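Here is a short note for a colleague opening this model for the first time. Please have the sequence and the 3D view ready.

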Amino acid sequence: MDRTSLRRLARWTGKLALALSLAACGAPASRAPSPPPPQEPAREMAATPIAPAAPVPTPPAVRRGLPLPAPHAVTTHEDLRRQAAMRMVAANPEGTYMGEVPPELLAIPVLEVELNQDGSIRHIRVLRKPTQAEDTIEVAIAAVRRAAPFGDVSRLPKPWKFVEVFLFDDDRRFKPRTLDD
């Protein structure tokens, strides 16, 4: 396979993965909504213990409240997404989790981040708003802003954008979908 074919395959695979993750998480379908189920009396549910996520070591600079280390220049869009996701986790140590994603998520906002040539944020667009816990959109946007800049992107073809899916648990902590591999 030549490079162009590999790039097309990588883009298609990324779009397919995003579509499948949104479909699995209850993204709205393009069909008419079904009527709501009848309300049942509230019952207490037994708490199902979930194994705690493995702690992620926080870089010393972040623990002390110092700025993040300078990002490196990226050469592929995949490098950009991975570096951005890792910087979001490092910049938000108390607001993130790593390890296995819980079986039920609180909210799944999706953001498109457009960058300037130096990796600073040009524009953030909300691609998917969760139907509950809408405040998680602002948490995700703030996390992206704290993690910026994302490195020199001038070597990448335009547009200088990436999409991130934020997987929020019940404690309103998130994990970037990019790191869920």
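The points below go from the sheet to the helices that pack on it.

1. **Basis.** This is a predicted model: local features need pLDDT of at least 70, side-chain atom pairs count only at pLDDT 80 or more, and totals for chains, interfaces and linings use all residues. Residues are numbered from 1 along each chain as its sequence is written, and side-chain values use heavy atoms, with hydrogens and water left out. Helices (H or I, at least four residues) and strands (E, at least two) are DSSP runs, numbered from the N terminus.

2. **The sheet.** Four strands form an open sheet in the order S2-S1-S3-S4, with antiparallel pairing. Strands count as paired if DSSP finds at least two bridges between them. S2 and S4 are the edge strands, and each pairs on one side only. From one strand to the next, the twist averages 30°. Axes here are lines fitted to C-alpha atoms, for helices over the stretch in contact; angles run from 0 to 180 degrees between N-to-C directions.

3. **Strand S1.** Six antiparallel bridges link S1 to S2. One pair is valine 110 with arginine 128 of S2. The hairpin of S1 and S2 has five residues between the strands, and glycine 119 takes a positive phi near 95° there. Five bridges join S1 to S3, again antiparallel. Valine 113 has phenylalanine 162 of S3 as its bridge partner, and glutamate 112 has valine 163 of S3. Five of the six residues of S1 are buried (under 20% relative accessible area; exposed is over 50%, partly exposed in between; 1.4 Å probe, protein chains only).

4. **Helix H4, length.** H4 covers residues 135-147, 13 in number. At 1.5 Å times one less than its number of residues, the expected span is 18 Å; the end C-alpha atoms are 19 Å apart, which agrees.

5. **Helix H4, faces.** Which residues of H4 are buried? They are Thr136, Ile137, Ala140, Ile141, Ala143, Val144 and Ala147. Seen down the axis of H4, they fall within an arc of 155°, so they line one face. The arc is that of the directions from the helix axis to the C-beta atoms. On the face turned away from the buried side sit the exposed residues Glu138 and Arg145.

6. **Packing.** H4 lies across S1, S2, S3 and S4, at about 150° to S2. The cover over its buried residues includes those four strands and helix H3 (77-91). Contact means heavy atoms within 4.5 Å. H3 also packs on the sheet: H3 touches S1, S3 and S4, and its direction makes about 40° with that of S3.
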